[in-house]
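User: I'd like a close look at one part of this protein, with the rest brought in where it helps. Here is what I have open.

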Amino acid sequence: MILEFFAENKDVFIRILEDISHVSGYAGVGFAIALVYGAVYLLYSIICELLKKERRLGMDHAVAVFMLLIYITAFIYIVLMSREPDTYSGVNLQLWSSWGHSVTTKAFFIENILLFIPMGILMPSAFKIFRKPYICIPACMLMSLCIEVIQYSFGLGIAELDDVITNTAGGAIGYIIWLILLFIHWICNKFDKSVKIG
């Protein structure tokens with residue numbers, strides 16, 4: 001069944017890969033911003049070392065914030081900066097209508113899910129407040145709503161209910177992936193400690 005779906009929608013997945021390759025350039029700006037953050041974190045670490053104070057921000061946290069900054073910058077470019085103002089307008093509240101019948105509409109539908117998966121992974125990795133599903137997933141939905149309002153207000157895109165649902169689903173998938181990674185990390189730590197004790 002899954003293989004049939006992929007076979008029937010082969011062109012859709014080719015289109016998604018093409019779209020991803022086009023937007024990967026936006027990550028460069030995010031990387032530059034993240035480097036500035038990295039320099040600030042390095043300075044913070046040096047100051048803590050000189051003052052003989054314990055760092056409150058660990059390396060794991062710094063890496064998560066570093067990656068989140070790259071993602072957020074690329075994200076803003078993809079959903080806002082890459083579009084011409086007053087090109088699209090309107091509101092579409094019909095559920096599942098954006099799946100459509102063309103390769104492009106199906107690709108956009110799936111891309112809306114994929115776009116928010118990193119958010120569901122990186123937000124709880126970077127900030128403790130997002131480690132609760134009842135905060136992380138609604139935050140993804142709120143972010144999606146804000147984007148739809150901005151796109152509608154400036155004519156950058158059609159405000160669609162499907163976009164909010166697919167974006168939120170992507171955030172939820174990302175959160176589940178984060179939980180799995182957290183569980184794997186916990187198991188690895190337990191195994192590592194038992195090896196050291198034994």
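Leaving aside neighbours within four places in sequence, which residues is Ile177 in contact with? Please take your time and work outwards from there.

Analyst: One thing before we start: this is a predicted model, so read everything below as computed from it.

Once you set aside the neighbours within four places in sequence, Ile177 is in contact with Ile117 and Ile121. Ile177 and Ile121 are 56 residues apart in sequence, but their C-alpha atoms are 6.6 Å apart in space. Ile177 itself has its place in helix H7, while the stretch 103-126 is helix H5. Is Ile177 buried or partly exposed? With a relative accessible area of 30%, Ile177 counts as partly exposed, because the cut-off for buried is under 20%.

Now look along H7 on either side of Ile177. Tyr175 and Trp178 form an aromatic pair, with 5.6 Å centre to centre and 40° between the planes, which makes the pair tilted. The two sit three residues apart in H7, which runs over residues 161-197, so about one helical turn separates them. Unlike the partly exposed Ile177, both Tyr175 and Trp178 are buried.

Further along H7 there is another pair. Phe183 and Trp186 are stacked, at 6.0 Å centre to centre and 25° between the planes. The spacing in the helix is again three residues, so about one helical turn lies between Phe183 and Trp186. Trp186 has 47% relative accessibility, and it therefore counts as partly exposed. In total the structure holds seven aromatic pairs.

Aromatic residues also turn up on the other helices: Tyr71, Phe75 and Phe116 form one aromatic cluster. Phe116 is a good residue to click on next. Not counting residues up to four places away in sequence, Phe116 touches Tyr71 and Phe75, then Cys140, Met143, Ser144 and Ile147, and finally Asn167, Gly170 and Gly171.

That cluster leads into the main nonpolar core. The largest one has 23 residues, and Tyr71, Phe75 and Phe116 are among those with the most contacts inside it, along with Leu68, Val79, Met119 and Met123. Five helices give two or more residues to this core: H3 (27-50), H4 (59-81), H5 (103-126), H6 (133-153) and H7. The biggest contribution is from H4, with eight residues. As general background, nonpolar side chains tend to be buried together in soluble globular proteins.

Since you're at the bench, you may want the cysteines too. A search of the whole structure finds zero disulfides. Why does Cys140, one of the residues Phe116 touches, not form one? The closest cysteine sulfur to that of Cys140 is in Cys136, and it is 4.6 Å away, too far for a bond because the cut-off is 2.5 Å. Cys140 has 0% relative accessibility, so it counts as buried. For Cys146, the closest cysteine sulfur is the one in Cys140, at 12 Å, which is also too far for a bond. Cys146 is partly exposed, with 38% relative accessibility.

Charged contacts are quickly covered. The whole structure has one salt bridge, where the side chains of Asp19 and Arg15 meet at 3.1 Å, N to O. Arg15 and Asp19 are four residues apart in helix H2 (residues 10-23), so about one helical turn separates them. Asp19 is buried, at a relative accessible area of 15%, whereas Arg15 counts as partly exposed at 23%.

Finally, step back to the whole chain. The secondary structure comes to seven helices and two strands, following the pattern α-α-α-α-β-α-α-β-α along the sequence. The C-alpha trace spans about 60 × 40 × 30 Å along its principal axes. Of the 198 residues, 32% are buried. The accessible surface is about 12,900 Å², and 72% of that belongs to carbon and sulfur atoms. Among contacts between residues at least 6 apart in sequence, 77% join residues at least 24 apart. The contact you began with fits that last group, as Ile177 and Ile121 are 56 residues apart in sequence.

Terms used
Residues are numbered from 1 along each chain as its sequence is written. This is a predicted model: local features need pLDDT of at least 70, side-chain atom pairs count only at pLDDT 80 or more; totals for chains, interfaces and linings use all residues. Side-chain values use heavy atoms; hydrogens and water are left out. Rings of Phe, Tyr and Trp (its six-membered ring) pair if their centres lie within 6.5 Å; planes under 30 degrees apart count as stacked, over 60 as edge-to-face and the rest as tilted. Buried means under 20% relative accessible area, exposed over 50%, partly exposed in between (1.4 Å probe, protein chains only). A nonpolar core is a set of buried Ala, Val, Leu, Ile, Met, Phe, Trp, Tyr and Cys residues joined through side-chain atoms within 4.5 Å. Contact means heavy atoms within 4.5 Å. A salt bridge is a side-chain nitrogen of Lys or Arg within 4 Å of a carboxyl oxygen of Asp or Glu. Accessible areas come from the Shrake-Rupley method with a 1.4 Å probe; for residues, only the protein chains shown count as cover.
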